[in-house]
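Visitor: Please choose one position in this model and look at it closely. After that, work outward to the charged pairs, the surface patches and any unusual backbone.

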Amino acid sequence: MENNRGKVFFVGAGPGDPELITVKGLKCIQSSDVIVYDRLANPELLNMARKDAEFIYCGKQPNHHSIQQEEINEIIALKALEGKIVTRLKGGDPCVFGRVGEEAEKLVEHGVAFEIIPGITAGIAAPAYAGIPVTHRKVASTFAMVTGHLCQDDTISPDKWRALATGIDTIAFYMGMGNSTYLCNQLIHYGRNPETPVAVVSWGTTEDQRTIISTLNKLEKTLQEQNMPNPAIILVGDVVHLRERLSWFAENSRD
Ligand code: SAH
């Protein structure tokens, strides 16, 4: 029975540009029987799979959950229990706001083997393609990845806001576009300089990449003037100024 069990590979697809997947991740896609993928994994990567592979879409749209997370966990486990090799392809890095914990726990329950293949996360890659290194020897020595999608259970406590506002040089907010004014106001409220520069990078590393530059106290107005579609990273910190000199990637439409 044990021998019939398949295996699951949680693979980071990278942030958008399909060439940013790892060699190991690509090998998993090429050799799997089943590919379970979500909205942010570049569809071009699916073309690399075997012709006879089975594809299962588990994507969610913002505010429109197509398949429940529990169902996804179940599908992955069942396919592996049928003896299949499964690639669970996730945008960016599977362990950064990627729910890999929940899905892997289900596999442990079922006794299914798995591996985690890291990927390049959007909070580092989208700024890099906008000419913004998230750390810099003279400008930023601390960096945090923070969810901007604050559900009831998952709010950031005042202590954490204070620490973020005053102790972290560069902050990358994921899933923050619906909440951007609140996020900026919280940082100001807890002690960050209102003039701190902010970059918003939409569809980073893809041909649709767009970047806008603002400050904590002006981001709301800037976003009213510019339509910045999801997915987007909101990057806060003095490193944003480096874009003036380090911008290298030709964007869709310049700011
Ligand atoms: N596991 C992913 C993050 C999933 S959460 C990773 O490591 O990158 C989804 C959020 O990621 C989006 O709301 C957005 O904030 C960010 N994101 C994903 N792809 C992006 C891209 N190409 N450009 C900018 N932000 C992106």
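Guide: Ile233 is a buried residue, with a relative accessibility of 4%. The cut-off for buried is under 20% relative accessible area, so 4% puts Ile233 in that class. The model is predicted, and what follows describes that prediction.

Ile233 sits in strand 10, which covers residues 232-236. Once residues up to four places away in sequence are set aside, Ile233 touches three groups of residues: Ala122, Gly123 and Ala126; then Ala172, Phe173 and Tyr174; then Ala199, Val200 and Val201. As for Gly12, it is 221 residues from Ile233 in sequence, while the two C-alpha atoms are 17 Å apart in space.

Just before strand 10 there is a backbone feature to check. The peptide bond that runs from Asn230 to Pro231 is cis, and its omega is near 0°. Pro231 belongs to the loop that links helix 7 (219-225) to strand 10.

Two other backbone features fall in the loop between strand 4 and helix 3. Phe97 is placed in that loop, with strand 4 given as 85-90, and has a phi near 50°, a positive value in a residue that is not glycine. Arg99 is also in the loop between strand 4 and helix 3. Its phi is positive too, about 60°, although Arg99 is not a glycine. Phe97 has a relative accessible area of 39% and is partly exposed; Arg99, at 37%, counts as partly exposed.

Phe97 also belongs to a surface patch. Together with Ile124, Met145 and Met175, Phe97 makes up a nonpolar patch with about 330 Å² of accessible area in total. Residues in a patch need over 30% relative accessible area, so Phe97 at 39% meets that condition. Met145 meets it as well, because its relative accessibility is 33%. Met145 lies in strand 6, residues 143-147, and counts as partly exposed.

Helix 3 takes in residues 100-110, and Glu102 is one of them. The relative accessible area of Glu102 is 40%, which makes this residue partly exposed. Apart from its neighbours within four places in sequence, Glu102 is in contact with Gln69 and Asn73. Glu244 is 142 residues away from Glu102 in sequence and 41 Å away in space, C-alpha to C-alpha.

The charged pairs come next. Side chains of opposite charge can pair when their charged atoms come close. The count of salt bridges is 13. One of them joins Glu54 to Lys79, with 3.1 Å between the closest N and O atoms. Because Glu54 lies in strand 3 (residues 54-57) and Lys79 in helix 2 (residues 69-81), this pair ties together parts that are 25 residues apart in sequence. The two partners fall in separate accessibility classes: Glu54 is partly exposed at 31%, whereas Lys79 counts as buried at 15%.

Glu251 and Arg243 form another salt bridge, where the closest N and O atoms are 3.9 Å apart. The cut-off for a salt bridge is 4 Å, so the Glu251 to Arg243 distance is within it. Glu251 and Arg243 are both buried.

Asp33, Arg50 and Asp52 make up one network, joined by salt bridges that share partners. Within this network, the side chains of Arg50 and Asp52 meet at 2.9 Å, N to O. Arg50 is partly exposed, with a relative accessible area of 30%, and Asp52 is exposed at 56%.

The last stop is a charged patch on the surface. Glu19, Glu44, Glu207 and Asp208 gather there as a patch of negative charge. Patch residues have no salt bridge, so the four acidic residues of this patch are without one. Glu19 is located in the loop between strand 1 (7-12) and helix 1 (23-31). Its relative accessible area is 71%, and exposed means over 50%, so Glu19 is exposed.

To return to the starting point: Ile233 is buried at 4%, in strand 10, while Glu19 is exposed at 71%.

Definitions and conventions: Residues are numbered from 1 along each chain as its sequence is written. This is a predicted model: local features need pLDDT of at least 70, side-chain atom pairs count only at pLDDT 80 or more; totals for chains, interfaces and linings use all residues. Side-chain values use heavy atoms; hydrogens and water are left out. Patches are made of residues with over 30% relative accessible area and no salt bridge: like charges are joined within 9 Å, nonpolar side chains (Val, Leu, Ile, Met, Phe, Trp, Tyr) within 5 Å. Accessible areas come from the Shrake-Rupley method with a 1.4 Å probe; for residues, only the protein chains shown count as cover. Lys and Arg count as positive and Asp and Glu as negative; His and the chain ends are not counted. The place of a charge is taken as NZ of Lys, CZ of Arg, CG of Asp or CD of Glu. Helices (H or I, at least four residues) and strands (E, at least two) are DSSP runs, numbered from the N terminus. Buried means under 20% relative accessible area, exposed over 50%, partly exposed in between (1.4 Å probe, protein chains only). Contact means heavy atoms within 4.5 Å.
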